[in-house]
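The exercises below are meant to be worked with the sequence and the coordinates open side by side. Each task is followed by a solution that proceeds step by step.

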Amino acid sequence: MREFLSNLRLLRRMNWLMLATICTLIAVGVLFIYSATQTRDDSTARLFQMQLKWALAGLVIYLATTVTDYRKLRDVSWWFYVMAVILLVAVLFFGTRIYGARRWLMFLGVGVQPSELGKLAVILAGATLLSPPAEKYERIPSMWWLFLLAGIPMLLVMKEPDLGSALVYAPLVMAMLYVAGAPSRPLVLMVLSGVVLVTVVLGAVALPARLGVTPEGQDRFFRAIRLSDYQRDRIEVFLQPGKDPMGTGWNKRQSEIAVGSGGLTGKGFLKGTQNLLGFLPRTVAPTDFIFSVIAEETGFAGSVMVLVLYGLLLACGLYAAMVARDKLGRVLCVGIVTMIFTHVFVNMAMTIGLVPIVGIPLPLVSYGGTFMVMTLFALGLIQSVYVRRSGL
Amino acid sequence: MCIRIDCDMAVKEQVNLELRRLRVVLFMMLGGLLLLGGALFSLQVARRHEFEQSLHRQSMRRVRLPAARGRIFDRNEICLADNQPCYCLAFYLEEIRKPGRWQHTVDEVNERMKKLTALIGRRSMIAEQDIWLHIRKRLPLPLVAWRHLDPAALARLAESSVDMEGLDIYIEPLRHYPRHELAGHLMGYVGRAELSDEDLEGFQYYLSEMEGKAGLERMFNYAMAGTAGGQLVRINASGLKYAESQEKEPQPGADLVLAIDSRIQALAEQAVGDVPGAVVVLDPSNGDVLALASSPSFNPNQFVPFLSSAVWDEQNKDPAKPLVNRAVAEVYAPGSVFKPVTALAALSSGHISPETTHNCPGYFMIGAHPMKCWNPNGHGQVNMRKAIEQSCNVYFAAVGLQCGYEGIEEMARQVGLGKKTGIDLDREASGLVPGPAWKKKMWKDDWRPGDTCNVSIGQGALTVTPLQMAVVAATLANGGTVYRPRLVLGIRDRAGHYTTNYPPVAIRTLAVSPGAMKTVREGMYDVVMAPSGSGGRARIAGVEMAGKTGTAEFGEKGGHHKHSWMLLFAPFERPQYAVAMVVDEGVSGGLTVGPRLHTLMDALFNGDGKKADG
């Protein structure tokens, strides 16, 4: 009890700027979820209230996590990992099928996305793995262990299939290894090979038609690398912006029009016509394409504000890593910050057509309960590292 | 101990490495955000117009809104052409739209139409394929299912408990001619406008517009059509209307004010009656067209909203040609009504005086060929005044030869024959004043004395329109001033401000001596007023009138087809009316037209005008 009270006193030392940034982003999210669903008269119209409830629940978890010593993770991170893997396996069998993919598990009427838990599990277990207790400091394990650690959930997520979420594992593993002090040469090699792999896949989609390879040959290749048809479509749309504007290219094109037509100052809150008129598909406007709604209604000014908020959040997170009292804290913060950065970057980049469309939400802003709670839990861990920083 | 320090050193170095790398990670992430910022700048600032255009293209539709058509009034502000609201019942699909496939929505519309049919008492004008066509082509516009709802149906609709959601009364302006057949030929008719690419530039949709196709509707279409406006319709992703805003208000067309007096017009039309013919009443003091009628007429309301092919065929196949405005578009041989012109030419030539006499034995020898006078017994010795009164062919043939053809041709042209009068009506015929040059060209033959004799009595190749003869009558009435017939007094906007005024136009004053004019007028006075005058049947109580009858043979010789004519002006001193009337087939001018003009003039001067007006 005394310990709990002293921990509670730690709250006074937390990074208030970070908390303010988080709350602002959540508020932006709730406001624009409201805007994105304003014309709906079904249950979707209540999404912003749901989001608010999830956010409040998440903030409680955030504070609870802050007061909890992150060093206790060493004991639980493996259990967490095992549980996440079990859920990821379970979702393949018992998951609810939405648009042809099993990504959701229903617990007492609440949907949970195990792939979100998977990411966090890898960060926690990875941080534990990479930062052995001080007395065994010199025994940094081989980086292959971490690849194995991340590989299992990654493959399971790919199996759902959810390629986008699976790809997020790569940068966070890389960043954790890098900051943990892994030799840079193999890391650079790995990043390069990743780039080559992506290029090969993109090339395989775009080039055979031009090089005269038969469609049958192309199909065989895609079956061999397990790329599904819709993934192919998305990549094709990305490579050929004019292709099929009424079909597969619709979301990308409408999102770009929404963002672009927002102009410098936007059309005003609740006045984004792309969303109002349904050009921005209603199903994704409050989730993966929430940034299109924000950018259309608030313009370049608003988009930059959102970018600045995320920049602040990331900087606060990495600052926590710099002042962390031990390696576990550092690696943990880097993993979490990288995960958030990857989501932000990929989501915004897809909104404005820089990368192919992948179903990755915008942290703290997109509608989604599991992701909101998980993100706040992760950010709470960063705060937990920060309040126990060295030099106090 | 030593190892311990080494260990601390190693730890410190490791931590430094980690901190360095953390900074690298931070910069990479900020670099990533900066990259996003740059891309956003490109999209939202540099290329914003491109995307705004795309947005506009996919979500904005412009609808051309027709302007209210200008009205037509007579000189006493009686409305002759107006617009009437036509009540239509339309579906608004954006409110009816059922989720899922369009078939659900089409079924819903069909279902509702079935219920409404019982209420309205008439089947809808659209079928399932029309609904589909509407969905494909005109989705953001209302889908009109019933037109011309009568007040009873409207009342039943209002009282019924029918679900009016997505359903509304929609008003279309329809051209309406409150006086029906009255002045039908002057009005002309409207039809569906054929819009040019230029008209439709920038519009995705248009509503049906009307356009003048004949008569004043056609001649003044430019003024009455007004300026179409535009409506911006914002559509949603399914193509349904989301919102609309007036972009440009349509500018209503201008109103026409005619010189026509509808009371006189009605009397004139009644006077001609059912037989094919035409009558024109001018104000000799300024050329105002007080009435211009052609029989048979048509009801321009039949052409609204569009002409059915049945009506069109009927009108076109009718041998009486109801669509032809005989007063301006048909040419006739004038016969004896031309004789006053010959008389003026003769008296102005210097060779003939009012007292020049000729003997009429009943025929006239042109070389070896005899030309008959209409009176086989002959008129004996006649002077000019008597010759006009008696319409003696022999006398006019003789003076024609005496004064020479050039004078007659010149005088015919001076009074406006052989040339369009320039009235504001379409399809005006110019008629023909023949001459040596014309004959050379047409018949490769020389002008002969017989030709002169023929034209002198209004026969031969000479043709005129009733309107031209009315101008002749007006010129004789006012003592020699030729006016351009003025049909339209002015054009004014909806607020009543005249934008254009058409003042009377005196084309010329005839170069004839007052004496010559007096003689001709007196001859015409006798035609009506003398006991033996051929136009005596036109006489009315209390008003002195002057005129000239005419009967012109046409068609095969001996076929007994005769155009019967009469010119008239009254009162003799200070004339108010100059009239020309022709009946296509009649016995003679005096017998056929005389009584008709009696009816007209009696009503004008003595009758209760209000009765005819009503």
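## Exercise 1: The interface

In this predicted model, 39 residues of chain A are in contact with 35 residues of chain B. Determine which helices of chain A each supply at least two residues of the side that touches chain B, and how its residues divide into nonpolar, polar and charged.

Solution. Step one is to assign the touching residues of chain A to elements: helix 7 (163-180), helix 11 (250-262), helix 12 (273-276), helix 13 (290-322) and helix 14 (327-351) each supply at least two of them. Step two is to rank the contributions, and here helix 13 of chain A gives the largest share, with 13 residues. Step three is to sort the touching residues of chain A by type, which yields 26 nonpolar, eleven polar and two charged.

## Exercise 2: Chain A and a residue with positive phi

Describe the make-up of chain A in helices and strands, and state where A:L270 lies and whether it is buried, partly exposed or exposed.

Solution. Begin with the elements: chain A has 15 helices and three strands. Then consider burial, for which the computed share of buried residues is 48% of the 392 residues in chain A. Turning to contacts in chain A between residues at least 6 apart in sequence, one finds that 72% join residues at least 24 apart. The last step concerns A:L270, which is placed in the loop between helix 11 and helix 12 of chain A and has a phi near 70°, a positive value in a residue other than glycine. A:L270 is partly exposed, because it has 16 C-beta neighbours inside 10 Å.

## Exercise 3: Strand pairing in chain B

Trace the partners of strand 3 (residues 79-91) of chain B, and give the number of bridges in each pairing.

Solution. Strands of a sheet pair through backbone hydrogen bonds, either parallel or antiparallel. Start with strand 2 (residues 72-73) of chain B, which runs antiparallel to strand 3 and is joined to it by two bridges; in this pairing B:I72 stands opposite B:A81. The hairpin of these two strands has five residues between them, and B:E77 takes a positive phi near 65° there. Continue with strand 5 (167-176) of chain B, which pairs with strand 3 in the antiparallel sense over ten bridges, B:Q84 standing opposite B:L174. Finish with strand 4 (residues 143-146) of chain B, whose antiparallel pairing with strand 3 has three bridges, and in which B:L143 stands opposite B:F91.

Next, work out the strand order of the open four-stranded sheet in chain B that includes strand 9, and identify its edge strands.

Solution. The order is 7-1-9-10, and the pairing is mixed. The edges are strand 7 (205-206) and strand 10 (241-248) of chain B, since each pairs on one side only. Within this sheet, strand 9 (residues 229-235) and strand 10 of chain B are antiparallel and share six bridges, with B:K241 as the bridge partner of B:I235.

## Exercise 4: Loops of chain B

Locate the residues B:D163, B:H180, B:P296 and B:P571, and comment on the exposure or backbone geometry of each.

Solution. First, B:D163 is found in the loop between helix 6 (151-159) and strand 5 of chain B, and B:D163 is exposed because 9 other C-beta atoms lie within 10 Å. Second, B:H180 lies in the loop between strand 5 and helix 7 (184-187) of chain B and has a positive phi of about 55° although it is not a glycine; with 14 C-beta neighbours inside 10 Å, B:H180 counts as partly exposed. Third, B:P296 belongs to the loop between strand 13 (288-295) and helix 12 (309-317) of chain B, and the bond joining B:S295 and B:P296 is a cis peptide bond with omega about -5°. Fourth, B:P571 is in the loop between strand 23 (561-570) and strand 24 (577-583) of chain B, where the peptide bond from B:A570 to B:P571 is cis, with omega near -10°.

## Exercise 5: Nonpolar cores

Find which residues of the largest nonpolar core touch the most other members.

Solution. This core has 131 residues, of which B:V279, B:V280, B:A470, B:A473, B:L568 and B:V579 touch the most other members. Its largest share, nine residues, comes from helix 20 (residues 466-478) of chain B. Taking B:A473 and leaving aside its neighbours within four places in sequence, one finds contacts that include B:L567, B:L568 and B:V579. A second, separate core of 120 residues has among its members A:F48, A:V173, A:A258 and A:V337.

Conventions
Residues are numbered from 1 along each chain as its sequence is written. Chains are lettered from A and ligands numbered from 1 in the order in which they are written. This is a predicted model: local features need pLDDT of at least 70, side-chain atom pairs count only at pLDDT 80 or more; totals for chains, interfaces and linings use all residues. Two residues are in contact if their C-beta atoms, placed from the backbone, lie within 7 Å. Ala, Val, Leu, Ile, Met, Phe, Trp, Tyr, Cys and Pro count as nonpolar, Asp, Glu, Lys and Arg as charged, and the others, Gly among them, as polar. A residue is buried if 20 or more other C-beta atoms lie within 10 Å of its own, exposed if 12 or fewer, and partly exposed in between; C-beta atoms are placed from the backbone. Two strands pair if DSSP finds at least two bridges between them. A nonpolar core is a set of buried Ala, Val, Leu, Ile, Met, Phe, Trp, Tyr and Cys residues joined through C-beta atoms within 7 Å.
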